[in-house]
Amino acid sequence: MTEPPRRRPRADARRNRDRLLAEADAVFREQGTDASLEGIARRAGVAVGTLYGHFPTRRALVSALLSDRTRSLLERGQRLLTEVPPQALIQWVHLVVEHAAAYQGLAAVLADGMDDEASELHASCVRMTETSERLIARAAGALRRDVTGADVFALMNAAAWTREHMSPAQADRLVALTLDGMLTPGCVPVPDGIPAPARGRAAAAGQDRGEGP
């Protein structure tokens, strides 16, 4: 027996959902992911029950807000798996840090989602972690032997916190300085446009080998 076709959401329900997402994005940017859901509903002009009807939990709301950005991030991660390993890993670190710091408190929400299989964020967090692990493994030859995947994950978490609470520039500086210490001497992996002491150190190493001016 075939199932009847699913009824499309009514136009007003779609409008309510879109308004809730728009206001949630604005409120989370202003106040962080712990902001009042009642306040979001009020700004969207709907009852809080309407919000919970669309998004049963705070995590469900965060997951919906991140949906397009998460998909783009994971697609970029797949492309990076075909690119030069050191550069690919460094680009991925910056992308993940930017993603995790979209809202204050988001990095902690994502970390919780990784550990909670019931979370609406769990599947995407697992995929992000798997991509990270594959990029770290591919870049192993450019990393010091004592560098572990846990070190890279710790860097991403610390940089996301820094980006949330201080500034993107300071987060980029933290990533650059830390990766500089993780890379093997003489490695030149840093893409153009990313502030990186590694570029200067690598250039100096190249001069020592007679490769520079």
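Tutor: Let's begin with a cut-off: a residue counts as buried when its relative accessible area is under 20%, and as exposed when that area is over 50%, with partly exposed in between. Please keep in mind that this is a predicted model.

Student: Thanks! Is Leu121 buried or exposed, and what is its relative accessible area?

Tutor: Leu121 sits in the loop between helix H6 (106-115) and helix H7 (122-138). Buried requires a value under 20%. Leu121 meets that cut-off and is therefore buried, with a relative accessible area of 2%.

Student: Which residues is Leu121 in contact with, leaving aside its neighbours within four places in sequence?

Tutor: One partner to look at is Val109, 12 residues away in sequence and 8.6 Å away in space, C-alpha to C-alpha. With neighbours within four places left aside, the contacts of Leu121 are Arg59, Val62, Ser63, Leu66, Val109, Leu110 and Gly113.

Student: Let's turn to helix H1. How far apart are its end C-alpha atoms?

Tutor: H1 covers residues 11-31, which makes 21 residues. At 1.5 Å a residue the helix should span 30 Å, and the model agrees, because the end C-alpha atoms are separated by 30 Å.

Student: Within what arc do the buried residues of H1 fall, seen down its axis?

Tutor: The buried residues of H1 are Ala13, Asn16, Leu20, Leu21, Ala24, Val27 and Phe28. They line one face of the helix, because, looking down the axis, they fall within an arc of 140°.

Student: Which helices do those buried residues pack against?

Tutor: It helps to separate the two sides of H1. The face turned away from the buried side carries the exposed residues Arg29 and Glu30. The buried residues, in turn, pack against H2 (37-44), H3 (48-54) and H4 (58-80).

Student: How many residues apart in sequence are the parts that Arg43 and Glu30 tie together?

Tutor: Arg43 and Glu30 form a salt bridge, with 3.2 Å between the closest N and O atoms. Arg43 belongs to helix H2 and Glu30 to helix H1, so the pair ties together parts whose separation in sequence is 13 residues.

Student: What relative accessible area does Glu30 have?

Tutor: Its partner Arg43 is partly exposed, at 40%. Glu30 passes the cut-off of over 50%, so Glu30 counts as exposed, with a relative accessible area of 54%.

Student: What is the N to O distance in the salt bridge of Arg71 and Asp68?

Tutor: Both residues lie in helix H4, three residues apart, about one turn of the helix. Arg71 is partly exposed, at 44% relative accessibility. The N to O distance of this salt bridge is 2.4 Å.

Student: Which residues are joined into one network by salt bridges that share partners?

Tutor: Consider first a pair outside that network's list: Arg144 and Asp146 form a salt bridge, 2.6 Å from N to O. Shared partners join three other residues into one network: Glu23, Glu30 and Arg43.

Student: Which helices each supply at least two residues of the largest nonpolar core?

Tutor: The largest nonpolar core has 28 residues, and those with the most contacts inside it are Phe28, Ile40, Leu61 and Leu106. The helices that each supply at least two of its residues are H1, H2, H4 and H6.

Student: How many residues are in the other core that lies apart from it?

Tutor: That other core includes Leu80, Met128, Val147 and Leu155. Its residue count is 25.

Technical notes: Residues numbered from 1 in each chain as written. Predicted model: local features only at pLDDT ≥ 70, side-chain atom pairs only at ≥ 80, totals over all residues. Heavy atoms only, no water. Helix = DSSP H or I, 4+ residues; strand = E, 2+ residues; numbered from the N terminus. Expected span 1.5 Å × (residues − 1). Buried < 20%, exposed > 50% of the residue type's maximum accessible area, 1.4 Å probe, protein only. Arc of directions from axis to C-beta. Contact = heavy atoms within 4.5 Å. Salt bridge = Lys/Arg side-chain N within 4 Å of Asp/Glu carboxyl O. Core = buried A, V, L, I, M, F, W, Y, C linked by side-chain atoms within 4.5 Å.
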